[in-house]
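Q: Please take a close look at the cavity lining in this model. Spell out the cut-offs as you go.

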Amino acid sequence: MESSAASDVYKETVSIEATSNSWVQIQASNSDILYSQILKTGDTYDVPDRHDLFLTTGNIQVLIIKINGKQISRIESPTRIVKNIALTSENLFKLSSNN
């Protein structure tokens with residue numbers, strides 16, 4: 001049990017909140033689709049605690065992404081539509097305007 005408790009300390013939670021309606025799809029690396037629908041204004045999707053998930057969306061500019069409850073800067077993209085963004089904290093920080 002100790003190893004389970006220790007691993008809980010390092011869990012990262014990722015959530016996606018919409019400031020305006022946006023189609024969002026969360027897909028696993030094995031092509032299983034976990035979520036695919038319009039995320040409505042004010043709604044939040046809590047991403048499952050997995051390291052093989054990818055985000056595709058019709059409007060990245062209206063999404064707020066939080067890691068462990070802390071909002072990161074917006075994802076930098078020349079277009080609103082983005083495909084296959086790895087939902088790991090390392091990748092999300094790299095793609096955000098914090099960089």
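A: Glu 12, Thr 13, Val 14, Val 47, Pro 48, Asp 49, Arg 50, His 51, Leu 87, Thr 88 and Ser 89 line the largest cavity. A cavity here is a set of points, on a 1 Å grid over the protein atoms alone, where a 1.4 Å probe fits but cannot get out; lining residues have an atom within 4 Å of a point. This is a predicted model: local features need pLDDT of at least 70, side-chain atom pairs count only at pLDDT 80 or more, and totals for chains, interfaces and linings use all residues. Residues are numbered from 1 along each chain as its sequence is written, and side-chain values use heavy atoms, with hydrogens and water left out.

The volume of the largest cavity is about 70 Å³. Volume is the space filled by probe spheres set on the grid points, which are joined across faces, edges and corners. Its lining splits into four nonpolar, four polar and three charged residues. Nonpolar covers Ala, Val, Leu, Ile, Met, Phe, Trp, Tyr, Cys and Pro; charged covers Asp, Glu, Lys and Arg; the others, Gly among them, are polar.

Two of the lining residues lead into strands. Val 14 is in the lining, and strand 1 spans residues 14-18. Val 47 also lines the cavity, and strand 4 spans residues 44-47. Strands are DSSP runs of E with at least two residues, helices are runs of H or I with at least four, and both are numbered from the N terminus. Strands 1 and 4 pair in the antiparallel sense over four bridges; pairing requires at least two DSSP bridges. Within this pair, Ile 16 has Tyr 45 of strand 4 as its bridge partner.

Strand 4 has two faces. Tyr 45 and Val 47 point to one face and are buried, while Thr 44 and Asp 46 point to the other and are not. Buried means under 20% relative accessible area, with a 1.4 Å probe and protein chains only. In a regular strand, side chains alternate between the two faces of the sheet.

The whole-structure search finds two cavities of 30 Å³ or more. The second largest has a volume of about 30 Å³. Leu 63, Ile 64, Ile 65, Gln 71, Ile 72, Ser 73, Arg 74 and Ile 75 line this second cavity. Strand 6 (residues 63-67) gives the largest share of that lining, three residues. By class, the second lining has five nonpolar, two polar and one charged residues.

Note on methods:
On a 1 Å grid over the protein atoms alone, a cavity is a set of points where a 1.4 Å probe fits but cannot get out, and a pocket is an open set with protein on both sides within 12 Å along at least five of seven lines; lining residues have an atom within 4 Å of a point. Buried means under 20% relative accessible area, exposed over 50%, partly exposed in between (1.4 Å probe, protein chains only).
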